[in-house]
Amino acid sequence: MKSEESHYIPKLGLDHIFPNPRFASDYGLVAYGGDLNPNRILSAYRHGIFPWYSINDPILWWSPNPRLVLFPTEFKTTKSFKKILKNGRFKVYFDRDFKTVIEHCANIYREGQEGTWIIDEMQEAYLQLHYMGFAHSIETYLDGELVGGLYGIDMGSGFYGESMFSLVNNASKVALRALSDVLAKKGYDFIDCQVETPHLISVGAKLIDRDVFLNLVEESLEKSGMGNSWQNTIWKYQGE
């Protein structure tokens, strides 16, 4: 990750207080240091901030401008993808195997990327958040085998996506479609996708100004989410 030499980056202390991300540069590095205590991570998400760093870096905390967001009702489904959804070969479940999902996300090969930012410490932190009821996985199965999925943080009426993986074509896309459908029915406001990728743009995600995103976060925290109902969630493609 490149440095931000022209912009002062504060080091976090023992408390869980973050600098106001509205005053960060557009590049988005808000602070560094601290630890991956689950309560610190939750505090970060409440302020529109997320951790992302490599194994030889200090812990880095980000809130980029603009921010990539997918509104649950705006998922784009092509004709070819509709056929895949209609044939019913993929089955989607929630929170059946969070640990395996995050391990796959850490180990999957990504073109142009060396290593992974989902290092062991990150995996352990998000496993703790899963046990606490905040981190959840959406899993795609084919012939009974886990072939794709994603995970993220559920907070208020916002879902903060962290990473996804596919072992076969379209597996993670099916998981994201299922998540979008479920969250739309539950009245969620957004799925945070963090930074722009061509794949996410193709399914309807859009870049919005950081201040607009942070306003959405603040509003979402005043609402209730799915709570403990994730594992009992059932999704089946209902068509357009």
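The following questions and answers concern a predicted model of one protein chain.

Student: How many helices and how many strands does the protein chain have?
Tutor: In this predicted model, the named elements include helix H1, at residues 38–46, and strand S10, at residues 190–194. Counted over the protein chain, there are 7 helices and 11 strands.

Student: Which radius of gyration does the protein chain have, and why does it agree with a compact globule?
Tutor: The C-alpha trace spans about 55 × 35 × 35 Å along its principal axes. For 240 residues a compact globule would have a radius of gyration near 18 Å, and the chain agrees with that because its own value is 17 Å.

Student: What share of the contacts with a separation of 6 or more comes from residues 24 or more positions apart?
Tutor: One pair far apart in sequence is leucine 42 and leucine 129, which are separated by 87 residues, yet their C-alpha atoms lie 8.6 Å apart. Over the protein chain, and among contacts with a separation of 6 or more, residues at least 24 positions apart account for 72%.

Student: Which residues have the most contacts inside the largest nonpolar core?
Tutor: In soluble globular proteins, nonpolar side chains tend to be buried together. Here buried residues make up 52% of the 240 residues. The largest nonpolar core has 48 residues, and those with the most contacts inside it are Trp61, Tyr126 and Tyr151. Apart from that core lies another, of 32 residues, whose members include Phe159, Leu183, Ile191 and Met226.

Student: How far apart are the centres of the positive and the negative side chains?
Tutor: The surface that the protein chain exposes comes to about 11,900 Å², of which carbon and sulfur atoms supply 49%. As for charge, there are 24 positive and 30 negative side chains, and the centres of these two sets are separated by 11 Å.

Student: Is leucine 42 buried or exposed?
Tutor: Leucine 42 has its place in helix H1, and beyond its neighbours within four places in sequence it is in contact with Leu129, Met132, Phe134 and Met155. Its relative accessibility is 2%, which is under the 20% cut-off, so leucine 42 counts as buried.

Student: Where is phenylalanine 134 found, and what is its relative accessible area?
Tutor: Phenylalanine 134 is found in the loop between helix H4 (120–131) and strand S7 (135–142). Not counting residues up to four places away in sequence, phenylalanine 134 touches Leu42, Leu129, Gly152, Ile153 and Asp154. Its C-alpha atom is separated by 9.7 Å from that of proline 38, 96 residues away along the chain. Phenylalanine 134 is partly exposed, with a relative accessible area of 24%.

Student: Which two residues does a cis peptide bond join?
Tutor: Proline 66, one partner in this bond, is found in the loop between strand S4 (60–62) and strand S5 (67–70). With omega at about 5°, the cis peptide bond joins asparagine 65 and proline 66.

Student: What is the phi of asparagine 170, and what is the phi of glutamine 194?
Tutor: Asparagine 170 lies in the loop between strand S9 (158–166) and helix H5 (171–185), and at 28% relative accessibility it counts as partly exposed. Glutamine 194 has its place in strand S10, and at 8% relative accessibility it counts as buried. Neither residue is a glycine, yet each has a positive phi: near 75° for asparagine 170, and about 70° for glutamine 194.

Definitions and conventions: Residues numbered from 1 in each chain as written. Predicted model: local features only at pLDDT ≥ 70, side-chain atom pairs only at ≥ 80, totals over all residues. Heavy atoms only, no water. Core = buried A, V, L, I, M, F, W, Y, C linked by side-chain atoms within 4.5 Å. Buried < 20%, exposed > 50% of the residue type's maximum accessible area, 1.4 Å probe, protein only. Helix = DSSP H or I, 4+ residues; strand = E, 2+ residues; numbered from the N terminus. Rg over C-alpha atoms; globule rule 2.2 N^0.38 Å. Contact = heavy atoms within 4.5 Å. Areas by Shrake-Rupley, 256 points an atom, 1.4 Å probe, with all protein chains shown as cover. Lys, Arg positive; Asp, Glu negative; His and termini not counted. Charge placed at Lys NZ, Arg CZ, Asp CG, Glu CD.
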